[in-house]
Amino acid sequence: MFPEPSLSLLETTIEPHLKMPTMTDLDHAELTYRDQKYSLPVIEGSEGELGIDIGNLRRDSGLITMDPGFVNTGSCKSAITFVNGEKGILRYRGYAIEDLAQHSSFLEVAWLLLFGELPSTGELEAFDQDVTLHSMLHEDFQRLFGAFPKDAHPMPTLASALGALSTFYDEPNTDLEIRQGIVRLIAKMPTIAACSYKHSIGQPAIYPRNDLDYTQNFLHMMFSTPCEEYEVDPVVARVLDLLLILHADHEQNCSTSTVRLVGSSQAHLFASIASGVFALWGPLHGGANQKVIEMLEEIARGGGSAREFLERAKKKDDTTRLMGFGHRVYKSYDPRAKILKGACQDVLSRMGGSSQLLDIAMELEEITLEDDYFISRRLYPNVDFYSGVIYKALGIPTPMFTVMFALGRLPGWIAQWLEMRNSPEFRIGRPRQVYVGEPLRQIEKPV
Ligand code: CMC
């Protein structure tokens with residue numbers, strides 16, 4: 001295995017503050033089935049959310065609950081992120097996303113998600129230093145990228161490389177090993193992401209620099225070449241940092257649930273995260289940000305008729321969807337989209353780029369807000385709607401958009417994995433089903 005220098009910070013100073021909320025037995029719900037009554041405990045979360053605990057329902061009644069797509073199923077108790085979709089609220093560890101976006105850096109937010117509190121100045125400096133010192137990849141690992149086709153999408157390259165990282169590091173088991181694993185993941189993810197991109201354009205990988213901060217370093221590895229050093233614009237780096245903060249966690253979404261489910265078999269931390277990256281890639285999840293920009297470009301190429309595209313998205317017999325619109329949880333404006341819409345205008349005026357795509361996006365939004373189809377279904381712009389316009393203005397290539405989402409979501413995935421592993425209710429994830437196939441039958445071979 002590849003030896004690493006010891007991580008002084010992680011050996012000495014931090015204790016994870018993994019808080020689980022105190023759940024009080026508020027009441028009981030009663031279920032009547034065939035004249036039998038079953039009493040089910042109701043639990044209440046710290047923001048007043050109520051859940052019926054059906055853990056013993058099958059044992060007591062033979063019944064399971066059915067909820068395809070987990071539309072109304074709580075899979076865990078969590079103290080990390082609070083979302084209120086009706087009111088458009090998002091908080092990490094109790095802090096409003098708007099405040100964190102304005103006052104914090106991405107590494108600060110990562111620490112908050114992982115350990116429950118904002119870091120002190122000393123803790124943040126030490127964390128920053130540890131992450132900086134572990135951003136390089138083993139030379140043998142670098143060779144892996146050569147095995148992927150040149151035109152490979154960077155998302156499967158990133159996910160495969162993260163999986164492969166588990167061949168370089170033993171399964172982290174003790175607290176210290178897990179914390180070392182966390183630092184390695186956060187430190188190496190931007191390097192791997194940039195390598196995936198460099199490989200896709202046939203350029204050599206660029207080594208990280210210890211004098212740059214997290215986001216600046218990523219931009220350097222993306223855009224420097226052996227012939228020319230990329231000069232990082234601090235404004236671009238700050239906007240990227242903001243994007244990472246906004247994506248850092250979003251409770252039990254598809255990729256996070258995947259990370260938790262894979263991790264619940266006690267799979268390797270890196271393998272659990274790699275599976276989250278694959279889940280994020282889909283166009284209904286993180287892959288939507290790439291699809292949004294492709295949609296806006298398609299509209300622009302066709303002369304810019306936003307309304308025509310919108311009409312297609314409404315038709316039942318047309319599979320077109322308005323990408324970047326709608327959300328399973330938000331039934332009002334996604335607070336992340338609100339922040340990004342404002343940032344879009346700032347970035348475009350500073351970068352001096354074409355505002356055509358932003359104009360189309362804003363026109364699309366305006367029409368939907370007056371359209372019965374979207375109003376009645378409560379479909380609003382989500383985080384992916386405006387993020388692509390900003391990535392484009394910052395010079396991030398379109399296939400890298402979802403990779404940027406993954407970079408941001410990493411601390412959230414790890415925090416959720418940690419919380420699951422440390423939960424007193426830890427069990428392997430294993431949903432039930434209702435079998436609807438053939439009943440028992442005999443094999444009939446032709447004579
Ligand atoms: N365009 C047109 N119609 C839509 C859209 C859309 N973007 N989203 C939902 N609908 C319609 C849908 O057809 C259905 O209509 P009906 O009731 O007539 O059958 C109704 O709204 C409810 O939709 P649903 O598919 O049952 O909702 P869901 O909660 O299962 O799906 C979603 C949520 C985000 C997958 C969906 O809204 C969608 O496909 N949006 C576009 C993809 C997208 O932007 N994804 C990023 C999500 S936010 C970031 C992230 O989590 O990664």
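**View 1. Enclosed cavities in the predicted model.** In this predicted model, the structure holds 3 cavities of 30 Å³ or more. The largest cavity encloses about 100 Å³ of space, and 13 residues line it, with Val131, Thr132, Ser135, Tyr214 and Asn217 being the closest to its centre. Two or more lining residues come from each of H5, helix H8 (175-200) and H9. Sorted by class, the lining of the largest cavity consists of 7 nonpolar, 4 polar and 2 charged residues.

**View 2. The second largest pocket and the helices that line it.** This pocket, the second largest, has a volume of about 210 Å³. Its lining includes Ser105, Phe106 and Leu107, together with Leu124, Glu125 and Asp128; Asp213, Tyr214 and Thr215 also belong to the lining, as do Ala237, Arg238 and Asp241. At least two lining residues are supplied by each of helix H4 (106-115), helix H5 (121-133), helix H9 (214-223) and helix H10 (234-247). The lining of the second largest pocket divides into 5 nonpolar, 2 polar and 5 charged residues. Tyr214 appears in this lining and is also listed among the residues closest to the centre of the largest cavity.

**View 3. The shell of residues around the ligand.** There are 22 residues around the ligand, and those that come nearest are His285, Lys316, Arg321, Leu322 and Arg328. By class, the shell around the ligand is made up of 11 nonpolar, 6 polar and 5 charged residues.

**View 4. Polar contacts to the ligand.** At leucine 284 the contact is made through the backbone, where an N or O atom lies 2.9 Å from a nitrogen atom of the ligand. At histidine 285, which is also listed among the residues that come nearest to the ligand, a polar side-chain atom lies 2.5 Å from an oxygen atom of the ligand. Arginine 377 likewise contributes its side chain, in which an N or O atom is 2.9 Å from an oxygen atom of the ligand. On its own the ligand has 940 Å² of accessible area, of which the protein covers 76%.

**View 5. A salt bridge within helix H13.** Lysine 291 and glutamate 294 form a salt bridge in which the closest N and O atoms are 3.6 Å apart. Both residues belong to helix H13 (residues 288-301), where lysine 291 and glutamate 294 are 3 residues apart, about one turn of the helix. For the structure, the count of salt bridges comes to 19.

Methods: Residues numbered from 1 in each chain as written. Predicted model: local features only at pLDDT ≥ 70, side-chain atom pairs only at ≥ 80, totals over all residues. Heavy atoms only, no water. 1 Å grid on protein atoms, 1.4 Å probe; cavity = no way out; pocket = protein on both sides within 12 Å on 5 of 7 lines; lining within 4 Å. Points joined across faces, edges and corners; volume = space filled by probe spheres on them. Helix = DSSP H or I, 4+ residues; strand = E, 2+ residues; numbered from the N terminus. Nonpolar A, V, L, I, M, F, W, Y, C, P; charged D, E, K, R; others polar. Near = heavy atom within 4 Å. Polar contact = N/O pair within 3.5 Å; in protein donor to acceptor, adjacent residues only side chain to side chain. Areas by Shrake-Rupley, 256 points an atom, 1.4 Å probe, with all protein chains shown as cover. Salt bridge = Lys/Arg side-chain N within 4 Å of Asp/Glu carboxyl O.
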